[in-house]
Amino acid sequence: MELAIAGRWALVCAASKGLGKGCAEALVAEGVNVVINARSSALLEETAEHLRDLNPAVSVHTVAGDIALAETRQAALAACPQIDILITNAGGPPPGDFRDWSREDWLEAVNVNMLTPIELIKATVDDMAERGFGRVINITSAAVKAPIDILGLSNGARSGLTGFIAGLARQPQLAGRNVTINNLLPGSFDTDRLKSTQKQVAQSSGQNYLDVRDALRLRVPAQRFGTADEFGAFCAFLCSAQAGYMTGQNILLDGGSYPGTY
Ligand code: NAP
């Protein structure tokens, strides 16, 4: 299928590896010019080179820095001549017990996983509406639909974003101008983040890492973890011209793990 987005510009946050990189790869393969961001510049530049090799016809710019900081957001927005596609993403908050979390821990999670995407959306959607095309994808988590007890900071902060998006996406001045805003909810994708979470589980329970990994894999009805490539492909479709009638949705990509009918 021709996604009809070649030549557009995308800002893909937190994209030097993992799910963000998967999204950037899929967009670049479709001919979309990208600005990619991550904190560590060495891996970010490596990823940018890889993207240029993937499609020499597109422009690939990099902005190194923490996307939760206003100056990084400003630099990332300024690096795009215009933003047609915005993929919000950042690291997830750490696991733990809410009894141990301070007010600062909560403010950090809310800042990174709720307020940062909202700031980026605020800076971009009205211009998208004026041009009559815009796609915003927020990478959130399956934990928004089926909370994970040790990920309380993520459950809470991301649910705040989800509630806000539900209202914003339905504003006629956005939805009526071909600007869609959707959330992609990853279940278990085989990225460094997943591996480090599994290592923590193994360490804290005294189990072998590979045994923990295998047990978690077998809990997924698909019997495997997802790949960043398939996450990226889905993201690219949501950014396509054809996906213009879908907005305000929370889309689970979890190999069937969510147990509910609806
Ligand atoms: P990952 O493989 O660890 O990659 C994270 C990427 O984000 C890296 O490029 C990292 O680069 C960048 N990054 C992290 N914090 C950043 C920040 N503050 N500013 C800019 N860049 C930042 O993680 P992932 O698995 O792709 O996860 C992406 C998001 O999806 C996370 O929020 C995660 O919680 C969520 N998620 C993932 C899964 C899964 O199964 N993988 C499941 C549910 C939810 P630097 O470290 O250099 O900044």
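**Group meeting: the ligand site, one helix and two threonines**

Okay, so 29 residues surround the ligand here, and the closest are Ser16, Arg39, Ala90, Phe189 and Thr191. Keep in mind that this is a predicted model.

Let's start with the polar contacts. On the Arg39 side, an N or O atom of the side chain sits 2.7 Å from an oxygen atom of the ligand. Arg158 also uses its side chain: an N or O atom there is 2.8 Å from a ligand oxygen. With Gly91 it's the backbone, where an N or O atom lies 3.0 Å from a nitrogen atom of the ligand. And how much of the ligand does the protein bury? On its own the ligand would expose 890 Å², and the protein buries 90% of that.

Now, what is the shell made of? By class, you've got ten nonpolar, 13 polar and six charged residues. As for secondary structure, α1 (18-29), β2 (33-38) and α7 (192-205) each put in at least two residues. The biggest giver is α7, with three.

Back to Thr191 for a second, since that was on the closest list. Thr191 sits in the loop between β6 and α7. Is Thr191 buried or exposed? Its relative accessible area is 11%, which is under the 20% cut-off, so Thr191 counts as buried. Leaving aside residues up to four places away in sequence, Thr191 touches Gly18 and Leu19.

Next, helix α5, residues 152-168. These 17 residues should span 24 Å at 1.5 Å a residue, and the end C-alpha atoms are indeed 24 Å apart, so the two agree. Quite a few α5 residues are buried, including Leu153, Ala157, Leu161, Ile165 and Leu168. Arg158, the one with the ligand contact, is also among the buried residues of α5. What do those buried residues pack against? The answer is α4 (103-131), β5 (134-139), α6 (172-175), β6 (179-186) and β7 (250-253).

Last stop: Thr62, in strand β3, residues 60-64. Thr62 comes out at 24% relative accessibility, so we call it partly exposed. If you skip residues up to four places away in sequence, Thr62 touches Ile36, Leu44, Glu45 and Ala48. With Glu45 there's a side-chain to side-chain polar contact of 2.7 Å. And if you look over at Val12, 50 residues away along the chain, its C-alpha atom is 9.8 Å from that of Thr62.

That's my tour, happy to go back to any of it.

How values were computed. Residues are numbered from 1 along each chain as its sequence is written. This is a predicted model: local features need pLDDT of at least 70, side-chain atom pairs count only at pLDDT 80 or more; totals for chains, interfaces and linings use all residues. Side-chain values use heavy atoms; hydrogens and water are left out. A residue is near a molecule or strand if one of its heavy atoms lies within 4 Å of it. A polar contact is a pair of N or O atoms within 3.5 Å; within protein, one must be able to donate a hydrogen and the other to accept it, and residues adjacent in sequence count only if both atoms are side-chain atoms. Accessible areas come from the Shrake-Rupley method with a 1.4 Å probe; for residues, only the protein chains shown count as cover. Helices (H or I, at least four residues) and strands (E, at least two) are DSSP runs, numbered from the N terminus. Ala, Val, Leu, Ile, Met, Phe, Trp, Tyr, Cys and Pro count as nonpolar, Asp, Glu, Lys and Arg as charged, and the others, Gly among them, as polar. The expected span of a helix is 1.5 Å times one less than its number of residues. Buried means under 20% relative accessible area, exposed over 50%, partly exposed in between (1.4 Å probe, protein chains only). Contact means heavy atoms within 4.5 Å.
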